[in-house]
Amino acid sequence: MDMTKTTDVPPPAPQPTADLKKSANRGATRAGDRVFLGLSRGSGILLLVIMAAIAVFLTYRASLAISKDHGNFLTTFEWNTNLVPPSFGIAVLAFGTVVSSVIAMALAVPVAVSIALFLTHYAPRRMSGPVAYVIDLLAAVPSIVYGLWGALILVPHLNGLFGWLDEYLGWTGIFSWQGGAPRSMLTVGILLAIMILPIITNVSREVFRQVPRMHEEAALALGATRWEVIRMSVLPFGRSGVISASMLGLGRALGETMAVATVLSPTFDIQTSLLDPGGGTFAQNIASKFGEATQDGRDALIASGLVLFVITLLVNGAARAIIARRKEYSGANA
Amino acid sequence: MAKRIDVSGLTAYYGSHKAIEDISMTVEPRSVTAFIGPSGCGKSTFLRTLNRMHEVTPGGRVEGKVLLDDEDLYGTGVDPVSVRREVGMVFQRPNPFPTMSIFDNVAAGLRLNGNYRKNELNDIVEKSLKGANLWNEVKDRLNKPGAGLSGGQQQRLCIARAIAVEPKVLLMDEPCSALDPISTLAIEDLIGELKERFTIVIVTHNMQQAARVSDRTAFFNLAAVGQPGRLIEIDDTERIFSNPSVQATEDYISGRFG
């Protein structure tokens, strides 16, 4: 009864709102605006559809694999997909992926930020342009080339470093070395660090270049030295940009495949030492096993890919949270 | 505490372009000196040579002498960083450090200069904010970001930051040009109080402002675009605005050009 009443007699208030809306929209109905709106909205939707499709595909195939898994998917230290029933787990891969990426970040971020600061605040202009260009070129080198370089040049030259680490830091357990070929997590970390250095450097450089002149002058006028200017105005302003840059680098490190597969001697166990060969990463494991895998084996690899996908999402979320936490202190409104 | 500035034969360049030429003047301690003149005449450039900020601009270089009491700021072995600790500066647009709280903004210069105990720091920050007539407005939110204040408050925060380190001279580069009339009035009142303690030099495009706040006024001009700016005359403000000795000054002040 009430319902029909409302539909029969529409309240007068919405009328002007509808009119307003119509007239406000009139500007957007020009052909150019409509085409652009359609294109940009379409691109946005397409992106969401692709993401959803990937997630659905990964989840479906992963669920097939995990339901057949005889071991515990999270904790099993083996990858035997040809057994009946199959037994496999991602513990080793998750450990290896995270450890190698953490090593890469720890090595690359300080160096990249230093290079970016040098190029923007110390180097003469005539020099910073060409150097930045060379760093851009480094980003364009295919990862298999890094992998070949790592296997043929880097690995043979790491014996000295590994021996030194073992001698002085071996007592920590992390840096003990039994003398195997230096194709370990540390090797992977070093190689990944070199690979992600250009992207972190370039994005940081862009961010540091955009620090408003007036913030730097504020520090200078207080009697700050060049380093103090950097500490007081450049680094705080560039902080969120550097975090984003690092996340781009981390994304590449987490997903890097060929270079890791080329330098690592994979085994399916977790080494406490970073110097002893062994371990593996998600991407490397998928690349080296996918070709010969059975249907179940492929599903299992896809399940491990899903875990990598989730880790990447978590890392990105964490980065966003860090940036958002101090938003009111960001330089955006000044 | 406040010091006399004595400039002789000062010429400043941007690369090969000569921006100001052969400027000499004396600024008495505990007075306000205003620089006026048309855009591009080198007032700001000259101001920035007084705390060696000019040379941080790429290509910027300076010839001549600037004496602060008896010490030549451009003498050999003088560190520009220590010059800037003696000669503070307030800029055209308020520029508090966006990532710092109000308290940290004021304390920024002190933390550069040395180690202060927590309560010493609290005292100086309070005193500086009171000196900048900002204390009552911000005392309850010292830990909030400085960028959240209004434009006029931000500019007073910048003044508080500059005076916290007890400079000998305070340079102000059009400090009110980005502010509304009420905030401008607050800053002008503040300048009147600050001159009891500091030597103040202020660049302004607002001639009423120069007449209101300054004891001495210097008029700068340039012969033509591309020519270096020169000091036309410097005299007591009253005289400059009533009976200047150079015709160009009178033309500028009465609005016949510029």
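Helices and strands here are DSSP runs, at least four residues for a helix and at least two for a strand, numbered from the N terminus. The model is predicted.

**Figure 1. Overview of chain A.** Read along the sequence, chain A runs α-α-α-β-β-α-α-α-α-α-α-α-α-α. That comes to 12 helices and 2 strands. Chain A has 334 residues, and 37% of them are buried. Contacts across the sequence also belong in this view. Among contacts in chain A between residues at least 6 apart in sequence, 72% join residues at least 24 apart.

**Figure 2. Helix H3 crosses helix H12 in chain A.** H3(A) covers residues 31-68, and H12(A) covers residues 295-325. Their axes come within 7 Å and cross at roughly 120°. H3(A) and H12(A) are therefore oblique to each other. The crossing of H3(A) past H12(A) is left-handed. On the H3(A) side, the contact is made by Leu58(A), Thr59(A), Arg61(A), Ala62(A), Leu64(A), Ala65(A), Ile66(A) and Lys68(A). H12(A) contributes Asp296(A), Asp299(A), Ala300(A), Ile302(A), Ala303(A), Gly305(A), Leu306(A) and Phe309(A). By class, this contact of H3(A) with H12(A) has 10 nonpolar, 2 polar and 4 charged residues.

**Figure 3. Chain A meets chain B.** The contact involves 21 residues of chain A and 22 residues of chain B. Two helices of chain A, H8 (213-221) and H9 (226-255), each supply at least two residues of the side that touches chain B. H8(A) gives the largest share of that side, 6 residues. By class, the side of chain A that touches chain B has 11 nonpolar, 7 polar and 3 charged residues.

**Figure 4. Strand S9 of chain B, covered on both faces.** S9(B) spans residues 216-222, and 7 of its 7 residues are buried. One side carries Arg216(B), Ala218(B), Phe220(B) and Leu222(B). Thr217(B), Phe219(B) and Asn221(B) are on the other side. S9(B) pairs in the parallel sense with strand S3 (residues 32-36) of chain B, over 4 bridges. In that pairing, Phe35(B) has Ala218(B) as its bridge partner in S9(B). S9(B) also pairs with strand S10 (residues 229-236) of chain B, in the antiparallel sense and over 7 bridges. Here Ala218(B) stands opposite Ile234(B) in S10(B). S9(B) and S10(B) form a hairpin, with 6 residues between them. In the turn, Gly226(B) has a positive phi of about 95°.

**Figure 5. Strand S7 of chain B and its two parallel partners.** S7(B) covers residues 169-173 and is mostly covered, with 5 of its 5 residues buried. Val169(B), Leu171(B) and Asp173(B) point one way from the strand. Leu170(B) and Met172(B) point the other way. Strand S6 (residues 87-90) of chain B runs parallel to S7(B), joined by 4 bridges. Val87(B) stands opposite Val169(B) in S7(B). Strand S8 (residues 199-203) of chain B also runs parallel to S7(B), and 5 bridges join them. Leu170(B) has Ile200(B) as its bridge partner in S8(B).

**Figure 6. The surroundings of Leu10 in chain B.** Leu10(B) lies in strand S1 (residues 5-14) of chain B. A residue counts as buried if 20 or more other C-beta atoms lie within 10 Å of its own. Leu10(B) has 21 other C-beta atoms within 10 Å, so Leu10(B) is buried. Leaving aside neighbours within four places in sequence, Leu10(B) is in contact with Ile23(B), Thr49(B), Val62(B), Gly64(B) and Val66(B). From Leu10(B) to Met25(B) is 15 residues in sequence and 9.5 Å in space, C-alpha to C-alpha.

**Figure 7. Helix H4 crosses helix H6 in chain B.** H4(B) covers residues 118-131, and H6(B) covers residues 151-164. Their axes come within 8 Å and cross at roughly 130°. That makes H4(B) oblique to H6(B). The crossing of H4(B) and H6(B) is right-handed. H4(B) makes the contact through Ile124(B), Val125(B), Ser128(B), Leu129(B) and Gly131(B). H6(B) does so through Ala160(B), Ile163(B) and Ala164(B). The contact of H4(B) with H6(B) has 6 nonpolar residues, 2 polar and no charged.

How values were computed. Residues are numbered from 1 along each chain as its sequence is written. Chains are lettered from A and ligands numbered from 1 in the order in which they are written. This is a predicted model: local features need pLDDT of at least 70, side-chain atom pairs count only at pLDDT 80 or more; totals for chains, interfaces and linings use all residues. Axes are lines fitted to C-alpha atoms, for helices over the stretch in contact, and angles run from 0 to 180 degrees between N-to-C directions. Angles under 35 degrees count as roughly parallel, over 145 as roughly antiparallel, 65 to 115 as roughly perpendicular and the rest as oblique. A crossing is left-handed if the near helix is turned anticlockwise from the far one by less than a right angle, and right-handed if clockwise. Two residues are in contact if their C-beta atoms, placed from the backbone, lie within 7 Å. Ala, Val, Leu, Ile, Met, Phe, Trp, Tyr, Cys and Pro count as nonpolar, Asp, Glu, Lys and Arg as charged, and the others, Gly among them, as polar. A residue is buried if 20 or more other C-beta atoms lie within 10 Å of its own, exposed if 12 or fewer, and partly exposed in between; C-beta atoms are placed from the backbone. Two strands pair if DSSP finds at least two bridges between them.
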